[in-house]
Amino acid sequence: MLSFQTLYNAPTPEEYIKLRIKAGLSLKDPEASKIALQNSIFAVTLRSEDTVIGMGRIIGDGGCFYQIVDIAVDPEYQGNGLGKTIMSELINYLDEHAPAHSYVSLIADLPADQLYKKFGFDYTQPRSVGMYKKY
């Protein structure tokens with residue numbers, strides 16, 4: 001059985017970038033990563049010994065709008081329910097802290113949308129569609 005610790009803080013910028021790349025997410029600038037991680041509303045990091053094996057964050061204004069970002073699990077540890085663990089921790093935080101009528105969004109890479117549906121998320125289409133601009 002996999003042994004890991006659940007910590008309620010963000011990984012270091014170096015760990016963050018490394019895990020994002022391992023998990024197939026986009027590369028982020030080290031200085032931008034430092035700023036982003038410091039400005040998280042809530043973060044959860046899963047560690048096996050000294051290695052970050054999973055993470056997730058909540059960002060937003062802390063009142064009306066929240067976004068779940070950076071859900072990542074090291075491919076060597078996928079299939080052990082770590083994504084569910086991360087989402088459970090994030091949802092527990094929101095259940096306790098998000099005001100009534102606040103809006104929580106996320107961008108779901110396929111097939112991760114199936115995990116998010118288990119936590120009550122639904123598609124915005126056809127009423128609206130996600131959009132982005134990348135720098």
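The chat below goes through a predicted model, from its sheet to its helices, largest pocket and a few single residues.

Q: Before we start, what kind of model is this, and how are residues numbered?
A: It is a predicted model, where local features need pLDDT of at least 70, side-chain atom pairs count only at pLDDT 80 or more, and totals for chains, interfaces and linings use all residues. Residues are numbered from 1 along each chain as its sequence is written, and side-chain values use heavy atoms, with hydrogens and water left out.

Q: OK, the sheet. What is the strand order?
A: The order is β1-β2-β3-β4-β5, an open sheet of 5 strands with mixed pairing. Strands here are DSSP runs of E with at least two residues, helices are runs of H or I with at least four, and both are numbered from the N terminus. Two strands pair if DSSP finds at least two bridges between them.

Q: Which strands stand at the edges?
A: β1 and β5, each with a single partner strand, so one side of each has no neighbour in the sheet. On average, neighbouring strands are turned by 20 degrees against each other, direction ignored. The axes behind such angles are lines fitted to C-alpha atoms, for helices over the stretch in contact, and angles run from 0 to 180 degrees between N-to-C directions.

Q: How many bridges hold β2 to β1 and to β3?
A: 3 bridges join β1 to β2, and 7 bridges join β2 to β3. β1 and β2 run antiparallel, and so do β2 and β3.

Q: Which residues face each other there?
A: Q5 stands opposite R47 in β2, and L7 has T45 as its bridge partner in β2. On the other pairing, F42 stands opposite I58 in β3.

Q: And what happens at the β2-β3 turn?
A: The hairpin has 2 residues between the strands, and E49 takes a positive phi near 60 degrees.

Q: Is β2 enclosed or open?
A: Largely enclosed by the rest of the structure, because 7 of the 7 residues of β2 are buried. Buried means under 20% relative accessible area, exposed over 50%, and partly exposed in between, with a 1.4 Å probe and protein chains only.

Q: Which way do its side chains point?
A: F42, V44, L46 and S48 point one way from β2, while A43, T45 and R47 point the other way. In a regular strand, side chains alternate between the two faces of the sheet.

Q: Switching to helices. What does α1 touch?
A: Helix α1 (residues 13-22) packs on the sheet, touching β2, β3 and β4, and its direction makes about 100 degrees with that of β3. Contact means heavy atoms within 4.5 Å.

Q: And where does α3 go?
A: α3 lies across β1, β2, β3, β4 and β5, running at about 160 degrees to β4. Its buried residues include L82, I86, L90 and L94. The buried residues of α3 also pack against α4 (113-117).

Q: How far does α3 reach?
A: It has 16 residues and reaches 23 Å from its first C-alpha to its last, close to the 22 Å expected at 1.5 Å a residue. The expected span is 1.5 Å times one less than the number of residues.

Q: What about the largest pocket, how much space lies in it?
A: About 1,300 Å³. A pocket is an open set of points on a 1 Å grid over the protein atoms alone, where a 1.4 Å probe fits, with protein on both sides within 12 Å along at least five of seven lines; lining residues have an atom within 4 Å of a point. Points are joined across faces, edges and corners, and the volume is the space filled by probe spheres set on them.

Q: Which residues lie nearest its centre?
A: L25, D70, I71, I107 and D109, out of 38 lining residues. The largest share of the lining, 7 residues, comes from β4.

Q: Some single residues now. Is T6 buried or partly exposed?
A: T6 counts as partly exposed, at 26% relative accessibility. T6 lies in strand β1 and touches V44, T45, L46, T85 and E89, not counting residues up to four places away in sequence.

Q: And S33, buried or exposed?
A: S33 is buried, with a relative accessible area of 1%. S33 lies in helix α2 (residues 30-38).

Q: Last one: where does P99 lie?
A: In the loop between α3 (82-97) and β5 (103-106). P99 counts as partly exposed at 36% relative accessibility.
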